[in-house]
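Please find below my notes on this model, set out as numbered points for discussion. They go from the chain as a whole to its core, one residue of that core, and the pocket.

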Amino acid sequence: MATPPDAQPLPDPSVLSPAKLEQLRKFKIQIRIANEKYLRTHKEVEWLISGFFREIFLKRPDNILQFAADYFTDPRLPNKIHMQLIKDKSVA
């Protein structure tokens, strides 16, 4: 079906108005603040991630996906993180 020559093009849904861009910017800031607060109150996330990266750099596995699956399903992991949190509190 041909478009009539005098038809107005539909607005591009991928282009946001200035008001919507400002709303999106404020929303992103709120999300970043909420995420930062969450991470600051849950130090175990830091220990999980840093421990995972430390093990990757030390062992340099060929199959990262399998290594990650094994690392995060290790039944000893919660105890390791718990011990690190205790050690971290005693240093502070």
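1. Buried residues account for 11% of the 92 residues in the chain, and it should be kept in mind throughout that this is a predicted model. The secondary structure consists of four helices and zero strands, so that the pattern read along the sequence is α-α-α-α.

2. The UniProt record, an unreviewed entry, places the feature "domain: RIIa" at residues 51-73. In the model, the chain over residues 51-73 is 83% helix and 0% strand, with the C-alpha atoms at its two ends 14 Å apart.

3. Which residues make up the largest nonpolar core? There are seven in all, namely F52, I56, F67, A68, Y71, L77 and I81. Two or more residues of this core come from each of α2, α3 and α4, and α3 gives the most, with three residues. As general background, nonpolar side chains in soluble globular proteins tend to be buried together.

4. One member of that core, I81, deserves a closer reading, and it is found in helix α4. Is I81 buried or exposed? Its relative accessibility is 10%, and because the cut-off for a buried residue is under 20%, I81 counts as buried.

5. What does I81 touch once its neighbours within four places in sequence are left aside? The contacts of I81 are then with E44, W47 and L48. For E44, which is 37 residues from I81 along the chain, the separation of the two C-alpha atoms is 6.4 Å.

6. The largest pocket holds about 280 Å³ of space, and its lining is made up of 14 residues. Those that lie nearest the centre of the pocket are R54, E55, Y71, L77 and K80; of these, Y71 and L77 also belong to the largest nonpolar core.

7. Where in the sequence does the lining of the largest pocket come from? At least two residues are supplied by each of α2 (43-59), α3 (64-73) and α4 (77-91), while the largest share, five residues, comes from α2. By residue class, the lining of this pocket divides into seven charged, five nonpolar and two polar residues.

8. Taken together, the core and the pocket draw on the same helices: α2, α3 and α4 each give two or more residues to the largest nonpolar core, and each supplies at least two residues of the lining of the largest pocket. The leading contributor is α3 for the core and α2 for the pocket lining.

Definitions and conventions
Residues numbered from 1 in each chain as written. Predicted model: local features only at pLDDT ≥ 70, side-chain atom pairs only at ≥ 80, totals over all residues. Heavy atoms only, no water. UniProt positions renumbered as here; feature names shortened; annotations may be inferred. 1 Å grid on protein atoms, 1.4 Å probe; cavity = no way out; pocket = protein on both sides within 12 Å on 5 of 7 lines; lining within 4 Å. Points joined across faces, edges and corners; volume = space filled by probe spheres on them. Nonpolar A, V, L, I, M, F, W, Y, C, P; charged D, E, K, R; others polar. Core = buried A, V, L, I, M, F, W, Y, C linked by side-chain atoms within 4.5 Å. Buried < 20%, exposed > 50% of the residue type's maximum accessible area, 1.4 Å probe, protein only. Contact = heavy atoms within 4.5 Å.
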